[in-house]
Amino acid sequence: MSALKPYQTIFDTILPRLKRPRNNDFRILDRIRQRAKKLAQLNANRLKLKFSELRHRVQTEPNSKLHNHFVVESFALMTESVRRVTGKIYYDCQLLGGLSLVAGSIAEMQTGEGKTITVGLAAAFNSIFGKGVHVATTNAYLAERDHEELAPIFRLLGISSGLIASEQNEFEKHASYRCDVTYGTGFDFGFDFLKDQIRQRPTANPPLGKRFLDRIRSTDTSNSQTSQRELAFAIIDEADSVLLDEATTPLILSGQPKLNDQTEVFEHAFSTANRLVENRHFQWNRETHSIRIHEKGIEQVNHQIPAAIKRQLTKPWHHYIEQCLRAKFLFERGIHYIIKNQQVVIVDQNTGRLHDERKWKNGLHQAIETKEKVAISKETSIAAQITRQKYFSRYQHVSGITGTAAGNENELFRFYHLPVVKIHRNKPSKRIGLKTRYFADHISKYQAIAKSVKKIQGQGQPVLIGTKTIAQTETLSQVLDQAAIEHKVLNGIQTQNEACIIAASGDSGVVTIATNMAGRGTDIRLSEEARKAGGLHVIVVEHHESRRVDRQIIGRTARQDDPGSYQVFVSAEDDILTKNASELVKSIRQHSDSLTGECYKNFDSKIRRLQIQLEKAAYAARKSLVLRDKWLEKKRESMAKLATI
């Protein structure tokens with residue numbers, strides 16, 4: 001990761017103090033506040049002029065003279081602008097978070113500590129270099145919300161800001177990217193980068209030296225159609241989700257649909273797959289979630305292919321069969337996808353969000369459409385693709401913010417060269433963790449959850465039930481209906497309405513079922529009655545493979561000075577156990593009460609060890625992807641050199 005040269009002095013002086021503060025050594029916060037008090041005496045025009053003067057000085061000063069007083073001035077101007085527009089005053093933790101971002105690190109700030117205006121501090125400072133700042137969020141709603149909150153604050157200082165939205169035309173998108181600060185989702189920034197790369201591809205091989213002559217004559221238009229400017233600054237919200245959880249899924253830009261309609265091929269392939277026998281023709285490994293066709297299986301399917309089907313194939317016949325087997329055994333409706341408007345829509349396994357624009361590749365999407373008996377879409381080619389690691393490495397300066405970076409410091413530094421700075425809370429947490437409850441099966445667990453919800457609701461506490469899948473939300477909703485518990489369900493589509501429901505889930509006695517990531521980033525504000533009753537109670541329905549995701553849903557409660565509590569429910573039928581810990585499944589069932597299905601033995605340490613083991617496996621997968629990407633890059637460079645000889 002290359003850093004902007006003007007940053008080096010600031011980076012070297014700020015970061016060591018953030019990571020290892022000493023008594024009476026870190027006085028930059030006092031300097032910021034003292035300067036902000038003086039700026040409070042200026043009118044709006046003078047305040048804007050001060051920021052303009054700062055921008056001019058930074059862009060004209062020699063690199064060696066860029067010291068912390070530029071950060072102090074920028075942060076003080078933002079402090080005063082925030083005060084005038086919103087009436088808010090920056091806490092120490094927010095100023096420290098902003099300094100961490102400026103220094104090029106991951107700021108670990110706990111949920112509810114005001115990350116939106118913290119990011120604004122770094123975005124404003126980065127903007128003074130005149131290269132453009134991208135603030136990447138996990139979903140479109142958060143990008144729009146954060147932009148709307150910061151736009152008037154930026155405007156007071158003369159900082160232009162824009163938003164990347166799906167409904168924009170190219171002219172509007174181009175204008176947003178020319179602003180000082182641009183908000184959007186991480187994948188929108190990535191896909192726009194890929195589109196720009198395609199636009200810059202020459203339509204034909206130009207004569208040797210033509211590009212050079214075009215530049216001399218100022219007729220080179222290779223960059224005139226690009227949306228983005230040079231990738232200079234990126235600030236990533238929920239950085240662990242973007243850089244770790246989504247890192248194994250590359251950004252893939254689909255090309256033109258293939259001309260041939262293969263509906264008949266996939267229908268025949270699925271019919272053939274249904275006739276194959278497990279262990280005789282193929283092996284289904286439930287623990288590794290993989291399928292492999294045996295030699296006997298390949299011989300069997302090759303004997304059954306009609307000539308009319310054979311003429312339509314674009315890949316080996318056994319590949320179609322294998323994808324149909326994967327669709328049948330490995331992909332479940334309500335977990336990996338849903339049917340929406342008679343189409344298969346992918347559910348993101350990390351966020352629980354629906355992705356209408358995505359399709360599985362190599363015929364898997366068509367195999368699942370065949371399974372669900374909906375219209376079979378045409379396969380598309382891959383126009384361009386890039387891994388998250390490689391995309392963000394193209395920025396000259398990257399920083400991020402999240403509440404759950406702990407435990408992944410080494411990976412974030414190794415792959416992204418981003419150190420983690422832990423920021424203290426503004427106020428101590430009042431969160432209370434209740435003992436984890438274990439059950440022999442899903443039914444007994446869900447019934448126990450319903451009883452627990454009824455009891456807590458009766459005490460006046462609001463309840464947020466965090467599920468892992470859409471299917472779980474639907475099942476739990478039915479269980480609560482049977483128990484006559486009024487509730488709301490959120491399970492995938494991020495809309496402004498969803499954010500409103502999440503925000504209202506802090507009212508006394510309100511019960512909300514939501515996939516773990518639904519409404520992430522939206523504050524749950526407690527009513528006074530709910531606060532007196534003990535605050536928001538979070539129920540974690542199932543452990544995730546990563547402890548970070550567990551902490552994310554738990555982190556919805558007891559923000560700032562609020563009270564709150566949480567409890568985890570585990571079943572021997574949970575995916576994390578059935579796929580990875582068969583002995584633990586047996587042990588929970590053996591010690592469970594025959595009447596209630598509840599197990600009173602504590603398995604917390606074994607669950608923790610299992611999660612650590614799975615986190616290491618996930619890390620190995622991400623590491624393998626990075627190494628493969630580097631290997632391919634070296635091969636491309638070698639081929640390019642050979643082509644010039």
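Here are three short exercises, with worked solutions, on the predicted model above.

In this model, local features need pLDDT of at least 70 and side-chain atom pairs count only at pLDDT 80 or more, while totals for chains, interfaces and linings use all residues. Residues are numbered from 1 along each chain as its sequence is written, and side-chain values use heavy atoms, with hydrogens and water left out.

**Exercise 1.** Find how many helices and strands the chain has, and what share of its residues is buried.

*Solution.* Start with the DSSP runs, where a helix (H or I) has at least four residues and a strand (E) at least two, numbered from the N terminus. The chain holds 26 helices and 22 strands. Next, take buried as under 20% relative accessible area (1.4 Å probe, protein chains only). Of the 645 residues, 52% are buried.

**Exercise 2.** Work out the strand order of the open sheet with 7 strands, and name its edges.

*Solution.* Strands pair if DSSP finds at least two bridges between them. Following the parallel pairing gives E3-E4-E2-E5-E13-E1-E14. Strand E3 (161-163) and strand E14 (420-422) each have a single partner strand, so one side of each lacks a neighbour in the sheet. Now zoom in on one pair: E1 (residues 106-108) and E13 (residues 397-402) share 3 bridges, and Ala-107 has Ile-401 as its bridge partner in E13.

**Exercise 3.** Describe the hairpin of E9 and E10.

*Solution.* First, E9 (residues 337-340) and E10 (residues 343-347) run antiparallel, joined by 4 bridges. Then place Tyr-337 opposite Ile-346 in E10. Finally, look at the 2 residues between the strands: in this hairpin, Asn-341 takes a positive phi near 55°.

Terms used: Buried < 20%, exposed > 50% of the residue type's maximum accessible area, 1.4 Å probe, protein only.
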